[in-house]
Amino acid sequence: MPLRIYDTLTREKREFVPVTPGKVSMYVCGMTVQNKPHVGHIRASLSAEVMRRYLEHMGYEVSYAYNFTDVDDKIIERANAEGVDYTGVSERNIEAYLQFADLHNIKRATVYPRATQHIGEMHALIHRLIDKGHAYAAGGDVYFDVRSQADYGKLSGRRVDELREGYRIEPGEAKRDPLDFALWKGAKPGEPAWESPWGPGRPGWHIECSAMAMKHLGDTIDIHGGGQDLIFPHHENELAQSEACTGKPFANYWAENGLVNLSGAKMSKSVGNFFFIEDIAAQVDPEHTRFYLLSTHYRSPIEFSLERLKEAGVAYQRLRTPLERANVWAAPDGPAPVGELGQAVADADRLFHEAMDDDFNSAAALGHLFDLARAVNRSLDEGAGAEGVQAAKALYRLGGILGLFWKTPAGENWSAEILEIAARRDQARKAKDWKASDELRDQLAALGVLVKDGPGGQELKKK
RNA sequence: GGCGGCAUACCCAAGUGGUAAGGGAAGCGCCUGCAAAGCGCUCAUUCCCCGGUUCGAAUCCGGGUGCCGCCUCCA
């Protein structure tokens, strides 16, 4: 079954056909690095990354650009407040983003272009737009002329004449039409500025993405991602100026991800209700967070709370248990399972791929993994040995396509106190002193250690 | 006001014409000294409401209701 991807522009799922056979180009509007990364940034990155992983799994060579907008009003504002250069703020937040992306096993993009490193490319685009009559310079700024683009609004389903007159024109702006947007902003005193044919200034918000996408991926990219909150105006404007410039389609599939909600409302910087990923990572295993984010389709909104995450952790452990029982990380390859177990592996493999082929439906794909986990546990219970281990490895590989199961079961560094209590419990248990043994188990539980008794004796596990 | 999306069990969540995946929680059973884990079984005659199309609809059409997002910076 061919891969189908939902496209915001045409509002339908279409079979995926790359511009160049065997290759895929992806561009994702990444962070404006004015603050530390929050959960929404991680979700967007993850949504795109899973597409990338799956495309690579299918044999495509993927070029993936994730950009950083490293200069804007809020970055400047913050830098001024801290008495540092704007790069002091942007560099720090880019580092934080990469750190937490790594922590959640988000593969590094092919390239991380930054707005300020593409000033020349932006100037070139602006020149072309002015030459073609789609842009005009006014008062040190340069604006895109929205009405010069007949199909402006096609991505977000808006029409210029229907757009509410609720915007405002900043003092000093010289737009011909209120909907026109800045390609180049003339510098105000004290702001970081770059020289340009229109005077010193800095990029408008949208032109950077067109410049970076075209430079690194070409005039027409296959997949364009980012949060759904960017559809208008950002993606709309990106599309308009790019197509006005090249006359070619800018992106073939607009695959925007759904937003993260808190208590039913959108997580938002402006509202102030958001979680820094740093704070989540301090309390929740990154594997659990990744699993949770993948358990809802990428285009649906997702509720984020510690309770949900905790539930997801329990569910995720169900998937990991058979892998740990079989120790797939260390087990050598062997003959594929046959019979009923072999059938369970084949079914899971097929259903997993069918789900992912259907617009990267990781939620459905994960559901099929649970069926395989049960089959593996059953075979392990029945002493299937090597076959069960190979079935577990099949589960491990499927999860790996989604970037799960990357943590090997770490040998825990138990404190001397815990080891001492555990030793006493082991003794009590061997002496069949159940009362003492259970009390000691309670003590360990209070210290966050779970004790499991198996044929080989007791086993300690972090709760 | 305009544009878009969503509404499936106690909770989360798949499912876009063929007769309701999966997970959590809960209950029963097996296993276990007891637990934990695992396994087996139970848990929506029904998919927000009302009409319609169809042999057949959670899925399509029309009309409601509710919630969310965008229209200003936001992933």
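This briefing looks at how the protein meets RNA strand B and how two of its helices pack. The model is predicted. In it, 63 residues surround RNA strand B, and helix 11 gives the most to that surface, with nine residues.

**The surface near RNA strand B**

- The closest residues to RNA strand B are Trp205, Gly227, Leu230, Lys266 and Arg374.
- Of the RNA strand B atoms that come within 4 Å of the protein, 63% belong to sugar and phosphate.
- By class, the surface residues divide into 19 nonpolar, 23 polar and 21 charged.
- Several elements supply at least two residues each, among them helix 1 (39-57), helix 9 (306-326), helix 11 (362-381) and strand 14 (449-454).

**Polar contacts with RNA strand B**

- The side chain of Arg158 has an N or O atom 3.0 Å from a base nitrogen of the strand.
- Met267 uses its backbone: one of its polar backbone atoms is 2.6 Å from a base nitrogen of RNA strand B.
- For Asn377, a polar side-chain atom lies 3.1 Å from a sugar or linking oxygen of the strand.

**Helix 1 against helix 8**

- Helix 1 also packs with helix 8 (residues 286-294), at an angle of about 75° and with the axes 10 Å apart.
- Angles of 65 to 115 degrees count as roughly perpendicular, so helix 1 and helix 8 are roughly perpendicular to each other.
- On the helix 1 side, Ile42, Arg43, Leu46, Glu49, Val50 and Arg53 take part, meeting Arg290, Leu293 and Leu294 of helix 8.
- This contact has five nonpolar, no polar and four charged residues.

Note on methods: Residues numbered from 1 in each chain as written. Chains lettered and ligands numbered in written order. Predicted model: local features only at pLDDT ≥ 70, side-chain atom pairs only at ≥ 80, totals over all residues. Heavy atoms only, no water. Near = heavy atom within 4 Å. Polar contact = N/O pair within 3.5 Å; in protein donor to acceptor, adjacent residues only side chain to side chain. Helix = DSSP H or I, 4+ residues; strand = E, 2+ residues; numbered from the N terminus. Nonpolar A, V, L, I, M, F, W, Y, C, P; charged D, E, K, R; others polar. Axes fitted to C-alpha atoms, helices over the stretch in contact; angles between N-to-C directions. Parallel < 35°, antiparallel > 145°, perpendicular 65-115°, else oblique. Contact = heavy atoms within 4.5 Å.
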